[in-house]
Amino acid sequence: MQMEPNLLWMRIIPFIGAALSLIMAIVFAVLVSKKSRGSGRMMEISQAIFIGSKAYFYQQLKVITIFFFVISALLGVMVYFGYLEFVSIPAFATGMIFSLLIGYLGLWISTTSNSRVTHAAREKGLGEAMNVAFTAASASGMLLGTVALLHTALWFNLLYWWHGRGGLDPLADMQQIVTILITFTIGTSFAAFFMRTGGGIFTKAADMGADYVGKVESGLKEDDHRNPATIADNVGDNVGDVGGMKADALESWVGAIIASQFLAFVAYQGLPVMLNSILLPMLISAAGAVASIIAIIIMKAIIARYKENATVSMLTGTTLSGLLITVLVIAGLLFFVIRYVMGTGYNFLYYCSIGGLAAGFLIGLFTLLYTDSRYRPTRNIAESAKSGPGTLVVNGLAYGMESTILPAITVIAVMLFSFYISGGSTDFQVGLYGVAIAAVAMLSTSAFAITIDVYGPIADNAGGIAEMSEQPSSVRKITDKLDAVGNTTAAIGKGLLIGSAAITALALGQAYFSKIELITEMVMLDFIKDPKILVGLFIGIIMAFLFTSMLIRAVGNAANKVVVEARKQIKGILAGESKGDPKTFISIVTRSAQRGIILPGILVFTIPVLTGIFLGPGGVVALIIGTLLSGFAHGIYMANAGGALDNAKKKIEEEGKSGTPEHAASVIGDTVGDPLKDTAGPSMNILIKLISIVAIETAVLITAISDRLPYF
């Protein structure tokens, strides 16, 4: 396939974006490494958190490796019988390796930065402490941009070179390239599922047990050095909210890019702009990485000016302003990118990207509205603590359910807008490509979104180190402010990923429909008349409930063991009979987390296949739709309910009511909300995408089976 000079540049630009992101990640990591790690006690606690995080990561790696060989063997069987291209196996492996790599690097950065934040808070105050935490988080965000761009650009260019060597049939070659590409996200999704769900079980089991026994039953402060479960709690912040979150974001970003590339081929096959439209998603993502770098630099300049009297609302507003800067810079860059890549006749794609950017920012605002203590929902939840934990939990769940409405309307609006502005009423496939471009644009902010998300666990760890190393109350006051900001920014990051997951899952679902049509030459709308559609819809809807049940139950079982052990150890510590053993808690939650993800891991890979075998491709279509709708609502509801309950507790603590019945009620509410916001909620966006990806991977197999069975 011959390549015009400008198209060659388009293939190179994503690599340039990846290189810039990597350079900035290294710069930010070096800047943080030059900061002091603090006193000997601070370093000792920080090292214990790092060792615990690393131990969990290695244990999880063993479980992932077992599943990897099983799935690779199954993929090998499909390759042998001609249902899959061989290159999908190494692509699956690289996707998994990239996810694990950025997860581990994220853990390393956060666990070696936490004590530096504590030291900065003690020696230089609020501005410097937030600057160190934000700089460390920025390194993680930039690594995400590096891997997302490198992974997609590397495989596209390798395949383009390999299949273009003969150049006899460029259209057939490109169809084979995008068909192979659409299977590549299974590796990133595979790793993300285990890292996000396993890390979520770990972090919330440790958090719930440590909080309930330490704060409610024993009257200790949060992260009190006499509570040995606090080390496991701080380890959990990293394995779930850093390693797991980064793998989750990578899966979303890569999935959106590759799904839109497949839909680009379907929409423009045979036209002069076909290759341009396939390259466009990677260029949009490169623009997002550049915009995130600019926003981070501006944010660092603003944060450096903060004094001790800066309020939580002011700090939170600054981070949201950084997201707005990212959105505006991307919008400016895309005006020129899309005109250069596609030409002036395709301005509708720019409007689609603006719609996606606006939707992402609005979802962030709506998340802020329902989780920040300045606003009615969280204030009312905190007020209801006066009546006890029952009313507080009920109000928290109610506001969580209410919080799904505005994001859902936003996602619906951007889908309809992107579809119809692209001319979907006259050309269905072009309309779907417009929706996919909106998803890519929304996720192009991921490098910055992950920065403000990873900031939260770093700040939380810094507060824990301040308490465990018995720093003056002024230090803990600063870290508490940073932690409160982190709760809201983490909720914004989760909301953005769940919202984008809905649009990405739609794009992946449409890619599955299009792939079935390419394989069978039948129109997917014909399946609507099939009664098996209703069965598939029901299976998809209950998937979200089934996964929520299994994950929360896993957290509950592990937390129960933590509570029993914590009661025994704290009793001995307070009586002066022992010093406590934090390693026991890490072992308890590590084993529980690994056991808790095995059954969900098996189901998420088998349900789409079994549905396809017994219900045919139409049943899988319905499964994808049902999981998307149910999982999206579940994810938003649980993430926001948990975030609001957590911040309601912090609001009560800020008011100086720690140790009161109101505070005890809010701690119980927080323990209820913890597995919702950090385990089950974030897992929904992985679930709805992984169902589509597994379906795409097995599409040829399912259609072959359905042709042989008499009931199809």
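Author: Before we start, a cut-off: exposed means over 50% relative accessible area, and buried means under 20%. Also, keep in mind that this is a predicted model.

Reader: OK, so is Glu470 buried or exposed?

Author: Glu470 sits in the loop between helix 15 (446–468) and helix 16 (473–520). Its relative accessibility is 56%. The cut-off is over 50%, so Glu470 counts as exposed.

Reader: And what is the phi of Glu470?

Author: Glu470 is not a glycine. Even so, its phi is positive, at about 55°.

Reader: Moving on to helix 7, how far apart are its end C-alpha atoms, and why does that agree with the expected span?

Author: Helix 7 covers residues 230–268, which is 39 residues. At 1.5 Å a residue, that should give a span of 57 Å. The distance between the end C-alpha atoms agrees with this, because it comes to 56 Å.

Reader: Where is the kink in helix 7 centred?

Author: The helix is mostly covered, with 39 of its 39 residues buried. Its kink is about 30°. The centre of that kink is Met245.

Reader: Which residue just after helix 7 takes a positive phi?

Author: The phi there is about 85°. The residue, just after the helix, is Gly270.

Reader: Last one: what is the accessible area of the nonpolar surface patch that includes Leu31?

Author: Leu31 belongs to helix 1 (residues 5–33), and its relative accessible area of 39% makes it partly exposed. Its partners in the patch include Leu8, Trp9, Ile12 and Val27. Together, the patch residues have an accessible area of about 750 Å².

Definitions and conventions
Residues are numbered from 1 along each chain as its sequence is written. This is a predicted model: local features need pLDDT of at least 70, side-chain atom pairs count only at pLDDT 80 or more; totals for chains, interfaces and linings use all residues. Side-chain values use heavy atoms; hydrogens and water are left out. Helices (H or I, at least four residues) and strands (E, at least two) are DSSP runs, numbered from the N terminus. The expected span of a helix is 1.5 Å times one less than its number of residues. The bend at a residue is the angle between axes fitted to the seven residues ending there and the seven starting there. Buried means under 20% relative accessible area, exposed over 50%, partly exposed in between (1.4 Å probe, protein chains only). Patches are made of residues with over 30% relative accessible area and no salt bridge: like charges are joined within 9 Å, nonpolar side chains (Val, Leu, Ile, Met, Phe, Trp, Tyr) within 5 Å. Accessible areas come from the Shrake-Rupley method with a 1.4 Å probe; for residues, only the protein chains shown count as cover. A salt bridge is a side-chain nitrogen of Lys or Arg within 4 Å of a carboxyl oxygen of Asp or Glu.
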